[in-house]
Amino acid sequence: VGGTEQAQVSEACVVLATLFGREILKIIPGRVSTEVDARASFDTEATIGHAKKIIEIYKTLGVPKERVLIKIAATWEGIQAARALEAEGVHCNLTLLFSFAQAVACAEAGVTLISPFVGRILDWYKKNEPKDYTAETDPGFCPCNGFTVTTRSTATTRLLWRPRSVTPGRSSSSVGATTLP
């Protein structure tokens with residue numbers, strides 16, 4: 001491995017993440033999610049390049065791309081990268097979703113999975129609009145109902161809603177809102 005010390009560390013981190021991913025896949029069914037370099041969040045081509053590199057490393061480790069989710073920030077550029085990757089059969093997990101508009105854009109791009117940051121949305125409201133929130137009034141949790149409606153109506157993608165922060169009230173309210181047909 002050549003390049004600067006920073007490039008070598010970045011390369012080592014990607015290899016380590018894929019090695020962990022391979023080990024996880026030995027004990028679970030389904031897919032493992034591996035994140036592209038966050039510094040590429042606002043660069044579509046760089047995100048695609050990082051994603052393809054991750055898929056290639058998994059391939060050398062004997063892991064087919066069908067068992068990998070590429071985790072990408074849901075910026076406009078990240079969503080465009082996910083659209084292109086999904087068209088090539090690379091499954092994407094879009095994260096850092098804070099709005100209904102982002103969920104719609106992800107659905108229209110045909111992404112495999114979205115990961116809304118429900119807990120961070122609630123944190124903002126607790127700080128700026130202090131009051132007691134329930135599962136029914138939680139401003140971070142409520143948009144997820146819209147996510148499922150939107151993705152069902154587009155019929156172009158299969159999204160999984162997986163909250164980042166789940167309290168007992170939230171988890172019981174999310175039953176049945178996981179995988180869409």
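**Buried strands, a nonpolar core and a few odd spots**

At 14% relative accessibility, Thr75 falls under the 20% cut-off and therefore counts as buried. That is a handy place to start in this predicted model. Thr75 sits in the loop that links strand E2 to helix H3, residues 76-87. Setting aside neighbours within four places in sequence, Thr75 is in contact with Ser41 and Phe42.

Stepping back to the whole chain, there are 7 helices and 4 strands. Read along the sequence, they come in the order α-β-α-β-α-β-α-β-α-α-α. Of the 181 residues, 42% count as buried. The accessible surface of the chain comes to about 9700 Å², and carbon and sulfur atoms account for 60% of that. Among contacts with a separation of 6 or more, 56% are between residues 24 or more positions apart.

Now for the strands, beginning with E1. In E1, residues 32-35, the side chains alternate. Val32 and Thr34 point to one face and are buried, while Ser33 and Glu35 point to the other and are not. E1 runs parallel to E2, residues 68-73, and 4 bridges join the two. Within this pairing, Val32 stands opposite Val68 of E2. To get from E1 to E2 the chain passes through helix H2, residues 44-60, and this β-α-β crossover is right-handed.

What about E2 itself: how many of its 6 residues are buried? The count is 6 of 6, so to speak a strand that is mostly covered. Unlike the alternation described for E1, both faces of E2 are covered. Val68, Ile70 and Ile72 are buried on one side, and Leu69, Lys71 and Ala73 are buried on the other. E2 also pairs with E3 in the parallel sense, over 5 bridges. Here Lys71 stands opposite Asn93 of E3. The chain crosses from E2 to E3 by way of H3, and this β-α-β crossover is again right-handed.

The side chains of these elements also feed the nonpolar interior. In soluble globular proteins, nonpolar side chains tend to be buried together. In this model the largest nonpolar core has 26 residues. Those with the most contacts inside the core are Ile70, Ile72, Leu85, Leu94, Leu97, Cys106 and Val111. Two or more residues come from each of H2, E2, H3, strand E3 (91-97) and H4. H2 gives the most, with 5 residues. Two of the best-connected core residues, Ile70 and Ile72, belong to the E2 side that also carries Val68.

Strand E3 has a backbone quirk worth a look. Leu96 lies in E3, and its phi is near 60°, a positive value in a residue other than glycine. Is Leu96 buried or partly exposed? With a relative accessible area of 36%, Leu96 is above the 20% limit for buried and below the 50% limit for exposed, so it is partly exposed.

Helix H4, residues 100-109, has a good share of covered positions: Gln102, Ala103, Val104, Cys106, Ala107 and Ala109 are buried. An α-helix has 3.6 residues a turn, so residues three or four places apart point the same way. Ala107, in H4, has 0% relative accessibility and therefore counts as buried. The C-alpha atoms of Ala107 and Arg83 are 9.7 Å apart, although their positions lie 24 residues apart along the chain. Just after H4 comes Gly110, with a positive phi near 80°.

Finally, the cysteines. How many disulfides does the structure hold? The count is 0. A disulfide is a covalent bond between the sulfur atoms of two cysteines. For Cys106, the closest cysteine sulfur is in Cys92, at 9.7 Å, which is too far for a bond because a disulfide needs the sulfur atoms within 2.5 Å. Cys106 is buried, with a relative accessible area of 0%. Cys13, by contrast, counts as partly exposed at 48% relative accessibility.

Technical notes:
Residues are numbered from 1 along each chain as its sequence is written. This is a predicted model: local features need pLDDT of at least 70, side-chain atom pairs count only at pLDDT 80 or more; totals for chains, interfaces and linings use all residues. Side-chain values use heavy atoms; hydrogens and water are left out. Buried means under 20% relative accessible area, exposed over 50%, partly exposed in between (1.4 Å probe, protein chains only). Two strands pair if DSSP finds at least two bridges between them. A crossover is right-handed if, with the strands pointing away from the viewer, the path from the first strand over the helix to the second runs clockwise. Contact means heavy atoms within 4.5 Å. A nonpolar core is a set of buried Ala, Val, Leu, Ile, Met, Phe, Trp, Tyr and Cys residues joined through side-chain atoms within 4.5 Å. Accessible areas come from the Shrake-Rupley method with a 1.4 Å probe; for residues, only the protein chains shown count as cover.
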